Amino acid sequence: MNVQGRIETPDNDEARAALETLRAWAAKADPVEVAQLDPAIARLLPGHALSNYPDLSRVYDAQFSVDDSYKASLPDLQNGPASLIVGANTRIEHVGISNFRLPVRFKTRDNGDLTLETSVTGTVSLEADKKGINMSRVMRSFYAHAEKSFSFEVMEAALDDYKDDLDSFDARLMMRVSFPVKRPSLRSGLEGWQYYDIALELIEVAGERCKVIHLDYVYSSTCPCSLELSEHARSMRGQLATPHSQRSVARISAVVEPGKCLWFEDLIDLARAAVPTETQVMVKREDEQAFAELNAANPIFVEDAVRAFAERLLAEPRIGDFRIVASHQESLHSHDAVAVLTEGPTFASASLDPKLFATLIHQG
């Protein structure tokens with residue numbers, strides 16, 4: 001049986017000695033450390049005596065101006081000492097902000113500029129002995145370049161800036177857009193805007209930089225097996241039957257080789273050449289019939305799709321490592337048919353995000 005020891009009440013001399021020790025520590029400690037132990041300790045310091053419940057102003061002072069001395073007095077918990085770290089004192093691979101949005105101009109293949117709403121994610125590495133980062137510096141560094149027409153070169157300049165601002169080794173910058181391309185119908189001569197979910201990603205690890213373009217390509221996939229069974233019913237029994245086909249999505253992620261330029265339009269053209277049954281924008285009856293014929297001429301399993309994309313990517317000298325993630329969202333089954341194909345070490349991974357395939361849904 002444990003017997004709790006009786007705590008002795010200190011006498012006046014012991015209490016006075018403890019107070020002096022506490023004051024000596026508080027005078028040298030970071031203000032945040034003092035506040036975390038007990039905010040009341042600050043009142044023990046010379047010149048800091050306050051009443052327990054001071055009268056505070058409840059009126060917003062719109063005329064108040066912040067000078068340098070006041071700014072220097074503001075607490076900065078993110079840049080506090082290592083003693084304030086919560087949890088394991090370990091390195092963090094990526095910390096920053098995601099989905100801050102602004103209009104950005106992008107260069108197009110025809111030498112034009114296109115201003116698009118852009119979702120930006122910026123992160124840096126954080127060493128074990130650092131408490132945190134100033135998140136707003138990522139935005140401020142990016143905004144310094146936001147008036148330029150963006151390319152990978154401009155992204156590199158922005159990455160350099162916020163790496164310097166945050167004193168970090170590794171960093172990542174991603175920009176996501178919905179990129180419009182005018183597409184003709186198959187036979188009627190109409191045109192409409194097709195929108196492509198595209199992301200530019202710039203990654204720096206251990207001083208090595210990698211440039212990646214991600215594209216979500218939406219297409220129709222007609223099941224070859226279902227097509228043959230339908231034709232069998234027609235020829236053997238005179239039975240009308242239709243093969244099942246479905247809207248499908250392939251997420252193509254391609255590393256751009258150093259010194260090369262790969263336009264958004266180039267990657268879109270590559271995907272369309274591999275799998276020509278892209279979903280349509282403007283459709284009249286003759287276009288709908290043409291699309292049915294196009295699908296019948298290009299029946300495709302999900303395995304066929306990722307290999308067809310891979311064949312085109314392997315033949316493109318501007319592209320290095322790549323990954324293709326495809327989802328055929330079947331009309332026959334209640335589940336989807338999926339496939340992943342990678343080339344090179346950049347995207348190789350034994351584990352997948354549990355919701356990876358669920359993100360391959362075209363919102364329309």
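Which residues lie nearest the centre of the largest pocket? They are Arg176, His214, Asp216, Arg251 and Thr359, among the 36 residues that line it.

This is a predicted model: local features need pLDDT of at least 70, side-chain atom pairs count only at pLDDT 80 or more, and totals for chains, interfaces and linings use all residues. Residues are numbered from 1 along each chain as its sequence is written, and side-chain values use heavy atoms, without hydrogens and water.

A pocket is an open set of points on a 1 Å grid over the protein atoms alone, where a 1.4 Å probe fits, with protein on both sides within 12 Å along at least five of seven lines; lining residues have an atom within 4 Å of a point. Volume is the space filled by probe spheres set on the points, which are joined across faces, edges and corners.

| Pocket | Volume | Lining by class |
|---|---|---|
| Largest | About 950 Å³ | 13 nonpolar, 13 polar, 10 charged residues |
| Second largest | About 310 Å³ | 10 nonpolar, two polar, four charged residues |

Here Ala, Val, Leu, Ile, Met, Phe, Trp, Tyr, Cys and Pro count as nonpolar, Asp, Glu, Lys and Arg as charged, and the others, Gly among them, as polar.

The second largest pocket has 16 lining residues. Ser151, Phe152, Glu153, Cys261 and Leu262 are the closest to its centre. β1, α5 (152–166) and β6 each give two or more residues to this lining. Strands supply the largest pocket too: β4 (171–184) and β8 (319–328) are among those giving at least two residues each. Helices (H or I, at least four residues) and strands (E, at least two) are DSSP runs, numbered from the N terminus.
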